[in-house]
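Colleague: Could you take me through one part of this model slowly, as you would for someone in their first year? I would like to start with its aromatic rings and then look closely at a single strand and its surroundings.

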Amino acid sequence: QNIVISKWKLKEDITTLVVMSKKNINKVCSEDSSFFLAYESFKKNNPHKAKGLQLTNYFAKEFSKKRVNRECYFLISALFAEFVMNSDIPGVIYQNVREHRKGFKISINSSIANRSLQFIKAEDCSVFRENNKLLYH
């Protein structure tokens with residue numbers, strides 16, 4: 001299978017909502033830990049927002065489903081991300097669950113991406129699995 005990988009430069013910060021399930025934290029990934037430390041600090045300092053956090057936890061579970069048999073099972077996550085990006089928060093960061101939570105995926109409102117990102121380069125490459133690892137050529 002061929003994919004295009006691109007490199008971009010961030011011209012200005014983009015506000016994002018991080019949606020991650022705590023039970024799926026990747027001990028190897030330092031970004032997971034820093035996101036959760038920030039989340040725990042936010043919860044402690046904002047107890048009046050507990051109901052909103054319950055909703056966020058629900059969507060974190062939806063975003064972190066390991067097994068998805070049909071693409072329609074991503075619908076609730078996609079609709080939530082679209083709702084967020086059309087509000088005051090132009091981006092959503094979530095765990096890459098299909099690749100064993102290695103790295104992150106990010107969805108960004110296109111007008112913010114056009115303003116905040118500068119394209120550097122893109123390359124077409126082949127992707128294949130070998131011994132349960134994803135390899136690029």
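**Aromatic rings first, then a covered strand**

Modeller: Happily! The count of aromatic pairs comes to one, where rings of Phe, Tyr and Trp (its six-membered ring) pair if their centres lie within 6.5 Å, and planes under 30 degrees apart count as stacked, over 60 as edge-to-face and the rest as tilted. The pair is Trp-8 with Phe-119, edge-to-face, with 5.2 Å from centre to centre and 70° between the planes. Trp-8 belongs to strand E1 (residues 2–10) and Phe-119 to strand E5 (residues 117–130), so this pair ties together parts that lie 111 residues apart in sequence. Strands (E, at least two residues) and helices (H or I, at least four) are DSSP runs, numbered from the N terminus.

Before going on, please keep in mind that this is a predicted model: local features need pLDDT of at least 70, side-chain atom pairs count only at pLDDT 80 or more, and totals for chains, interfaces and linings use all residues. Residues are numbered from 1 along each chain as its sequence is written, and side-chain values use heavy atoms, leaving out hydrogens and water.

Trp-8 is partly exposed, with a relative accessible area of 45%, and Phe-119 is partly exposed with 45% as well. Buried means under 20% relative accessible area, exposed over 50%, and partly exposed in between (1.4 Å probe, protein chains only).

Now to strand E3 (residues 91–95), where five of the five residues are buried. Gly-91, Ile-93 and Gln-95 sit on one side, Val-92 and Tyr-94 on the other, and both faces are covered.

What runs alongside E3? Strand E2 (residues 16–19) is joined to E3 by four bridges, and the two run parallel; two strands pair if DSSP finds at least two bridges between them. Here Thr-16 stands opposite Gly-91 in E3. Strand E4 (residues 104–108) is joined to E3 by five bridges, running antiparallel. Lys-105 in E4 is the bridge partner of Tyr-94.

Let us finish with two residues of E4. Ser-107 lies in this strand and is buried, at 19%. Not counting residues up to four places away in sequence, Ser-107 touches Met-85, Pro-90, Gly-91, Val-92 and Tyr-94, where contact means heavy atoms within 4.5 Å. Ile-108, also found in E4, is partly exposed at 23%. With the same sequence neighbours left out, the contacts of Ile-108 include Ile-14, Met-85, Ala-113 and Leu-117. The C-alpha atoms of Ile-108 and Ala-81 are separated by 9.1 Å, although these residues are 27 apart along the chain.
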